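Let us walk through this structure by way of its aromatic ring contacts, and then turn to one of its helices.

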Amino acid sequence: MASTAKLDMSHPAQAATPVKKKVHYPFWFGGSASCFAASVTHPLDLVKVRLQTRAPGAPTTMLGTFAHILKNNGVLGLYGGLSAAILRQLTYSTTRFGIYEELKSRFTTSSSPPGFFTLLGMACASGIIGGFAGNPADVLNVRMQHDASLPPAQRRNYRHAFHGLVQMTRTEGVASLFRGVWPNSTRAVLMTSSQLVSYDTFKRLCLENFGMSDNLLTHFTASLMAGFVATTVCSPVDVIKTRIMTASPAESRGHTTLGLLRDISRKEGFAWAFRGWVPSFIRLGPHTIATFVFLEEHKKLYRWIKGVSEDTNKQ
């Protein structure tokens, strides 16, 4: 009888149903995605650093700074310090993304994802560790981007990131690799918490509240809003970090972070906190979008290779 017939597991409709299970992604995915993003947005990051550290008489606008660099250094000048930027992503971003995604995976269950404050705690922890791990490359990145704007006699002339590491250690000691580590780590905490947590939050809102699908449009929308939040939250610390890292040993001698903060506020008013915000957003917005789009594509390809389907609403 039909009612007692056994279920035919070879039926196409039944065989095509994917088995959903939790996927554990490789630790390095965030660093890899960030490297791709940095390669795309590096000229914008360079302009941001030049605006934050500009000397008297230097261009005061983003377009003016672009034109100045092209006129004096050519197209390749827009990619000054790229090797240090890639090294920074390999250390800083691999660490912060890797720890955050690892913690998120461990706290995610089939019934519910981590709450906002749980995600915030994970992001803060991964951010401060990432800040320490990436500080040497970050110092190099800022210095190499700033170098061409200095008078020839004051330039450090690092040929690439590893040459810069050797020169810094030889001439300024190992401690120079961790110059500005506290403002940098503070920024890393703010960046990771504002960028990663806001992306996950906005993505969840798009999927659960606005009926959007888990596709490129959702990733773009969530990452654009995350970039706006991250730029605003990180701007004051970013300016302080850049000033400390570009200072010469003579300029930085005897100056604490609080002392530098006092001096800048006295000379420039409180507008310094958002100096370079527009180029920062123009750089960080695309960088955030590119990072999360590349990261989502990494995950999508990995799931395809493993032959599994995942309910990404829960991740």
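**Aromatic pairs and a covered helix**

In this predicted model, the count of aromatic pairs comes to twelve when ring centres must lie within 6.5 Å of each other. One of these pairs is formed by Phe29 and Tyr302, whose rings stand edge-to-face, with 5.7 Å centre to centre and 90 degrees between the planes. Because Phe29 lies in helix H2 (residues 29-52) and Tyr302 in helix H11 (residues 277-306), this pair ties together parts that are 273 residues apart in sequence. Phe29 has a relative accessibility of 6%, and therefore counts as buried, the cut-off for that class being under 20%.

A pair that also involves helix H11 is formed by Phe228 and Phe281, and this pair is likewise edge-to-face, at 5.8 Å centre to centre and with 80 degrees between the planes. Here Phe228 belongs to helix H8 (residues 216-246) and Phe281 to helix H11, so that the contact ties together parts 53 residues apart in sequence. Phe228, with a relative accessible area of 45%, is partly exposed.

Returning to Phe29 and Tyr302, we find that ring pairs link these two residues with Tyr25 and Trp28 into a cluster.

Helix H7 (residues 181-208) can be described by its span and its burial. Its 28 residues reach 39 Å from the first C-alpha to the last, which is close to the 40 Å expected at 1.5 Å a residue. Helix H7 is also mostly covered, since 20 of its 28 residues are buried.

Technical notes: Residues numbered from 1 in each chain as written. Predicted model: local features only at pLDDT ≥ 70, side-chain atom pairs only at ≥ 80, totals over all residues. Heavy atoms only, no water. Helix = DSSP H or I, 4+ residues; strand = E, 2+ residues; numbered from the N terminus. Expected span 1.5 Å × (residues − 1). Buried < 20%, exposed > 50% of the residue type's maximum accessible area, 1.4 Å probe, protein only. Phe/Tyr/Trp six-rings, centres within 6.5 Å; stacked < 30°, edge-to-face > 60°.
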